[in-house]
Amino acid sequence: MQPATPLVLCVLLSQVLLLTSAEDLDCTPGFQQKVFHIDQPAEFIEDQAILNLTFSDCKGNDKLHYEVSSPYFRVNTDGSLVALRNITAVGKTLFVHARTPHAEDMAELVIVGGKDIQGSLQVVDSDRPEGSKFRLTGKGVDQEPKGIFRINENTGSVSVTRNLDRETIATYQLFVETIDVNGRTLEGPVPLEVIVIDQNDNRPIFREGPYIGHVMEGSPTGTTVMRMTAFDADDPATDNALLRYNIRQQTPDKPSPNMFYIDPEKGDIVTVVSPALLDRETLENPKYELIIEAQDMAGLDVGLTGTATATIMIDDKNDHSPKFTKKEFQATVEEGAMGVIVNLTVEDKDDPTTGAWRAAYTIINGNPGQSFEIHTNPQTNEGMLSVVKPLDYEISAFHTLLIKVENEDPLVPDVSYGSSSTATVHITVLDVNESPVFYPDPMMVTKQENISVGSVLLTVNATDPDSLQRQTIRYSVYKDPAGWLNINPINGTVDTTALLDRESPFVHNSVYTALFLATDSGNPPATGTGTLLITLEDVNDNAPFIYPTVAEVCDDAKNLSVVILGATDKDLHPNTDPFKFEIHKQTVPDKVWKISKINNTHALVSLLQNLNKANYHLPIMVTDSGKPPMTNITDLRVQVCSCKNSKVDCNAAGAPHFSAATALLLSLFNLACL
């Protein structure tokens with residue numbers, strides 16, 4: 001094999017250019033004719049004019065430059081399109097791009113009958129072995145994305161099969177080699193780098209919106225508000241992605257159409273008006289909207305543009321103190337009433353949504369008894385002056401308050417609170433007929449229960465707060481649940497109309513409660529209520545009673561205990577236990593029963609012997625410890641039952657069985673009734 005000969009590569013790349021439309025003017029920048037049709041000749045002859053192109057940027061065509069999509073053609077300065085050498089096939093279409101600093105345009109040359117050649121480059125090997133072929137590999141050929149490039153295996157011509165997009169893939173790394181008829185590599189592979197030349201086919205885009213900035217009112221000229229930057233997908237190393245910014249529109253345009261300026265290179269938006277014009281309270285609207293334009297090609301007229309809206313809020317600062325709408329306010333309130341009596345109004349030019357507007361009120365004089373309070377109405381910013389402790393006309397019929405108002409936020413250093421930030425409130429108290437007042441309330445007295453009817457308990461006392469009026473007071477019973485009391489309507493003496501009973505259901509914890517009314521002679525009359533608490537001392541007026549009153553026992557029981565009795569008493573100690581339990585011996589002479597004390601409140605009843613099956617009535621006498629004591633006799637019914645095989649039968653106990661003495665007494669009673 002002969003030594004390898006270096007491959008000489010010549011790369012010719014096609015470019016796709018965008019058509020830029022111009023504005024409708026008297027002179028329209030661009031080509032006068034944009035599409036041409038010619039028949040495919042047998043051969044394009046070198047330096048022979050094919051057609052003439054006419055382009056104008058309407059500004060003299062200074063620095064006019066032409067580019068042709070095929071490397072085999074050029075446009076002369078006179079606009080003639082010529083071939084650089086004799087050539088037969090150039091494809092179906094040629095594009096001519098014209099550019100000046102002020103305009104650019106593209107013309108299309110349609111070759112009727114031409115073959116589809118989108119772009120090509122020629123790989124030349126001057127000493128290639130006979131019968132060898134070219135082979136192309138790499139990304140864009142046999143690697144994804146496949147099929148973009150192909151090579152003529154005989155001539156080494158590399159062609160592009162479809163349009164390229166630099167923003168998708170900027171470079172392709174291909175490899176070229178020569179192979180023999182069996183596919184074995186003879187020379188190479190040699191790298192072939194295809195660089196996609198950028199065209200200005202992407203507009204600038206603002207991707208970070210919404211854009212909202214804030215600037216404090218009165219800020220110095222040149223204060224930076226915000227920064228806006230756009231993105232251009234074109235090659236950042238070219239003017240295709242070199243952006244310049246400007247403000248296209250400002251809304252509103254008062255007090256100046258140029259309130260703001262944007263740095264054309266950085267995108268910083270700054271204020272350009274004096275601090276005096278940047279006064280939120282005098283502006284038509286504290287919100288400005290700016291249409292910001294970004295243009296590539298360093299801002300040249302041929303550059304593509306993109307726009308976005310910047311919203312700038314003029315923020316409030318507390319440069320206005322609140323002022324009362326008048327120096328003096330009047331209020332009238334009835335004595336004894338509470339609640340809001342007057343709303344104090346203020347004016348403040350600051351932003352109502354901020355603490356620079358919200359008012360805070362303070363009573364600085366005339367409120368020693370803390371009878372008044374003032375709060376801010378959050379909706380209206382008014383000061384709501386309220387009475388929180390009832391006022392008394394007889395003590396003071398007039399009150400004068402001094403009130404100041406401030407903002408929640410502090411004022412700016414060069415602004416202070418003046419005399420308009422204080423106001424005087426004159427309050428007139430109206431006299432009303434007040435209800436008489438019992439003293440003391442509640443009234444308390446202690447008496448023994450069962451005192452005689454007509455006993456005087458106490459004399460109530462009610463006074464009329466209307467000391468400047470001469471009024472009489474009459475008394476009456478309002479609530480007397482048990483109906484025990486009476487009151488003298490003139491002097492208020494309370495006496496009893498029935499016996500007082502501590503054990504009554506109307507008495508709770510030994511206290512009986514009654515209500516009385518005191519009504520004055522005003523017009524209309526006013527009525528006050530007083531409470532009387534009567535504590536009832538206990539007397540021994542309730543006899544004790546036993547429980548239970550029924551018991552059962554088996555007729556053959558070995559344990560002769562019958563029942564444990566308990567006793568209770570409605571009275572209080574010492575009129576209750578210890579209780580004394582006895583069998584009433586006058587009616588029970590038989591010695592078959594026994595009762596034994598267990599403790600102060602219980603005793604055991606037992607048999608001395610077994611009894612026949614029957615019902616027995618045993619009189620039990622129980623006595624409390626009161627002085628004098630009280631006694632109660634209660635019959636204890638004892639059922640003597642038959643108890644066989646764990647079954648208790650009391651049904652056949654028969655008629656009640658009495659002792660002989662009891663039977664004798666009953667007989668005597670019956671005889672006496674004849």
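Is Ala498 buried, partly exposed or exposed, and what is its relative accessible area?

## Ala498 and its setting

Ala498 is partly exposed, because its relative accessible area of 22% falls between the limits used here, where buried means under 20% and exposed over 50%, with a 1.4 Å probe and protein chains only. Ala498 is found in the loop between β39 (493-496) and β40 (511-520), strands being DSSP runs of E of at least two residues, numbered from the N terminus. The C-alpha atoms of Ala498 and Asn486, which are 12 residues apart along the chain, are separated by 9.8 Å.

## Basis of the values

This is a predicted model, in which local features need pLDDT of at least 70 and side-chain atom pairs count only at pLDDT 80 or more, while totals for chains, interfaces and linings use all residues. Residues are numbered from 1 along each chain as its sequence is written, and side-chain values use heavy atoms, with hydrogens and water left out.

## Nonpolar cores

The largest nonpolar core (buried Ala, Val, Leu, Ile, Met, Phe, Trp, Tyr and Cys residues joined through side-chain atoms within 4.5 Å) has 26 residues, of which Val562, Phe581, Trp593, Val605, Ile620 and Leu636 touch the most other members. Two or more residues of this core come from each of β43 (550-554), β44 (561-568), β45 (580-583), β46 (593-597), β47 (602-607), β48 (614-623) and β49 (631-644), and the largest share, 5 residues, belongs to β48. A second, separate core of 25 residues includes Ile38, Val68, Tyr72 and Leu109.

## A sheet of three strands

An open sheet of 3 strands runs in the order β4-β8-β7 with antiparallel pairing, two strands counting as paired if DSSP finds at least two bridges between them. β4 (49-52) and β7 (73-75) stand at the edges with a single partner strand each, so one side of each is left without a neighbour in the sheet. Between β4 and β8 (residues 80-83) there are 3 bridges, and Ala49 stands opposite Val82 in β8.

## The second largest cavity

The structure holds 2 cavities of 30 Å³ or more, a cavity being a set of points, on a 1 Å grid over the protein atoms alone, where a 1.4 Å probe fits but cannot get out, with lining residues having an atom within 4 Å of a point. The second largest cavity encloses about 30 Å³, the space filled by probe spheres set on the points, which are joined across faces, edges and corners. Its lining consists of Phe36, Leu51, Leu53, Leu81, Val96, Ala107, Glu108 and Leu109, and strand β10 (residues 104-112) gives the most to it, with 3 residues.

How values were computed
Helices (H or I, at least four residues) and strands (E, at least two) are DSSP runs, numbered from the N terminus. On a 1 Å grid over the protein atoms alone, a cavity is a set of points where a 1.4 Å probe fits but cannot get out, and a pocket is an open set with protein on both sides within 12 Å along at least five of seven lines; lining residues have an atom within 4 Å of a point.
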